[in-house]
Amino acid sequence: MPQHIAVIMDGNGRWATKRALPRKAGHKEGVKTLLSIARHAFERGVRYFTVYAFSTENKFRPADEVNALVDLIREHFSRSFNDFVKSGIRVNVLGDRQFFPDDVIAILDKIENESKEGDKGTFNIALNYGARAEIARAINLLVQSGEEVTEQSISRYLYTANQPDPDIIIRTGGEKRLSNFLLYQSAYTELFFSDTLWPDFSKNEFDEILVKFHDRNRRYGKV
Ligand code: IPE
Ligand code: IPE
Ligand code: MG
């Protein structure tokens with residue numbers, strides 16, 4: 001069983017446009033898929049589940065769409081995600097939360113605090129996250145600490161400190177790129193690309209990816 005699965009949840013906007021709906025309707029539907037797939041992943045025994053929900057670049061989208069995304073974050077971090085906390089899942093935000101309004105920052109801080117003893121799994125949600133910004137931040141913190149710069153010490157200052165690297169990254173929505181997601185952590189991650197638009201992604205497709213993962217030969221540069 002892979003310990004850590006990460007997902008680039010792409011295709012919400014196209015899902016909505018295909019239905020002549022505003023893009024934000026796609027994000028709303030995408031949250032439903034997120035809640036169901038995250039629950040399923042933890043039930044399958046995944047220990048770390050990470051999703052890319054909002055990139056450092058996504059904040060330059062039209063204000064109407066950014067506001068809709070911030071509203072969804074406010075709504076779900078104060079309600080739906082509490083079910084994960086109740087079942088012992090630690091909720092962890094990756095990224096620079098200072099971008100968000102104060103009340104949203106308070107909600108994110110609160111859920112992290114309330115769930116920090118959770119030992120049934122870790123649910124990482126990347127919000128205003130970019131891997132290059134994450135690496136630059138880590139190196140700054142490392143230099144300030146006076147520690148030697150090594151592969152391991154850099155890891156310890158990333159948002160994913162003390163977590164295993166992802167075994168799997170799934171990207172839905174048809175594009176074949178990482179879009180600034182987990183660049184340091186994904187050195188030996190198995191990549192899976194699906195044409196399914198995120199709101200249509202199913203537990204069944206998730207399980208199919210797990211089966212394919214077992215057929216991959218992870219050599220880590222060895223023979
Ligand atoms: C991914 O869906 C969710 C976010 C980036 C917030 P998109 O909004 O990128 O959907 P497409 O790629 O335009 O279809
Ligand atoms: C990546 O999707 C970010 C998230 C899924 C949150 P984008 O839609 O922003 O990526 P690009 O623009 O296609 O690279
Ligand atoms: Mg996209």
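**Close-up views of the ligand sites, pockets and cavity**

**View 1. The shell around ligand 2.** The residues surrounding ligand 2 split into five nonpolar, two polar and four charged. Please keep in mind that this is a predicted model. Going along the sequence, the shell is made of Ile8, Met9, Asp10, Tyr52, Ala53, Phe54, Asn58, Arg61, Arg171, Arg177 and Ser179. Strand β2 (residues 48-55) makes the largest contribution to this shell, with three residues.

**View 2. Polar contacts of ligand 2.** Which side chains place a polar atom 2.8 Å, 3.1 Å or 3.3 Å from an oxygen atom of ligand 2? At 2.8 Å, the partner is a polar side-chain atom of arginine 177. At 3.1 Å, look for an N or O atom in the side chain of aspartate 10. At 3.3 Å, an N or O atom in the side chain of arginine 171 faces a ligand 2 oxygen. On its own, ligand 2 has 390 Å² of accessible area, and the protein covers 78% of it.

**View 3. The shell around ligand 1.** Thirteen residues surround ligand 1, and those that come nearest are Asp10, Gly13, Arg14, Arg23 and Arg61. By class, the shell around ligand 1 holds three nonpolar, five polar and five charged residues. Helices α1, α2 and α3 each give at least two residues to this shell, and the largest share, three residues, belongs to α1.

**View 4. Polar contacts of ligand 1.** Here both backbone and side-chain atoms come into the picture. The side chain of arginine 14 has an N or O atom 2.7 Å from an oxygen atom of ligand 1. From the backbone, an N or O atom of glycine 13 lies 2.9 Å from a ligand 1 oxygen, while a polar backbone atom of glycine 11 is 3.4 Å from an oxygen atom of ligand 1. How much of the 380 Å² that ligand 1 exposes when taken alone is buried by the protein? The protein buries 88% of that area.

**View 5. The largest pocket.** This view takes in the space that holds both ligands: ligand 2 sits in the largest pocket, and ligand 1 also occupies the largest pocket. The volume of this pocket is about 670 Å³. It is lined by 32 residues, with Met9, Asn12, Tyr52, Ala53 and Asn58 closest to its centre. Two or more lining residues come from each of α1 (12-18), α2 (23-43), β2, α3 (63-78) and β4 (121-129). The lining of the largest pocket comprises 15 nonpolar, nine polar and eight charged residues.

**View 6. The second largest pocket.** Moving on to another site, the second largest pocket contains about 210 Å³ of space. Thirteen residues line this pocket, and Asp165, Tyr184, Gln185, Ala187 and Tyr188 are the ones nearest its centre. Its lining divides into five nonpolar, four polar and four charged residues.

**View 7. The enclosed cavity.** How many cavities of 30 Å³ or more does the model contain? The count is one. The largest cavity holds about 30 Å³ of space. Its walls are formed by His4, Thr160, Gln163, Pro164, Asp165, Pro166, Leu182 and Gln185, which divide by class into three nonpolar, four polar and one charged. Two of these residues may look familiar from the previous view: Asp165 and Gln185 line the largest cavity and are also among the residues nearest the centre of the second largest pocket.

Methods. Residues are numbered from 1 along each chain as its sequence is written. Chains are lettered from A and ligands numbered from 1 in the order in which they are written. This is a predicted model: local features need pLDDT of at least 70, side-chain atom pairs count only at pLDDT 80 or more; totals for chains, interfaces and linings use all residues. Side-chain values use heavy atoms; hydrogens and water are left out. A residue is near a molecule or strand if one of its heavy atoms lies within 4 Å of it. A polar contact is a pair of N or O atoms within 3.5 Å; within protein, one must be able to donate a hydrogen and the other to accept it, and residues adjacent in sequence count only if both atoms are side-chain atoms. Accessible areas come from the Shrake-Rupley method with a 1.4 Å probe; for residues, only the protein chains shown count as cover. On a 1 Å grid over the protein atoms alone, a cavity is a set of points where a 1.4 Å probe fits but cannot get out, and a pocket is an open set with protein on both sides within 12 Å along at least five of seven lines; lining residues have an atom within 4 Å of a point. A molecule sits in a cavity or pocket if more than half of its atoms lie within 2 Å of its grid points. Helices (H or I, at least four residues) and strands (E, at least two) are DSSP runs, numbered from the N terminus. Ala, Val, Leu, Ile, Met, Phe, Trp, Tyr, Cys and Pro count as nonpolar, Asp, Glu, Lys and Arg as charged, and the others, Gly among them, as polar. Grid points are joined across faces, edges and corners, and a volume is the space filled by probe spheres set on the points.
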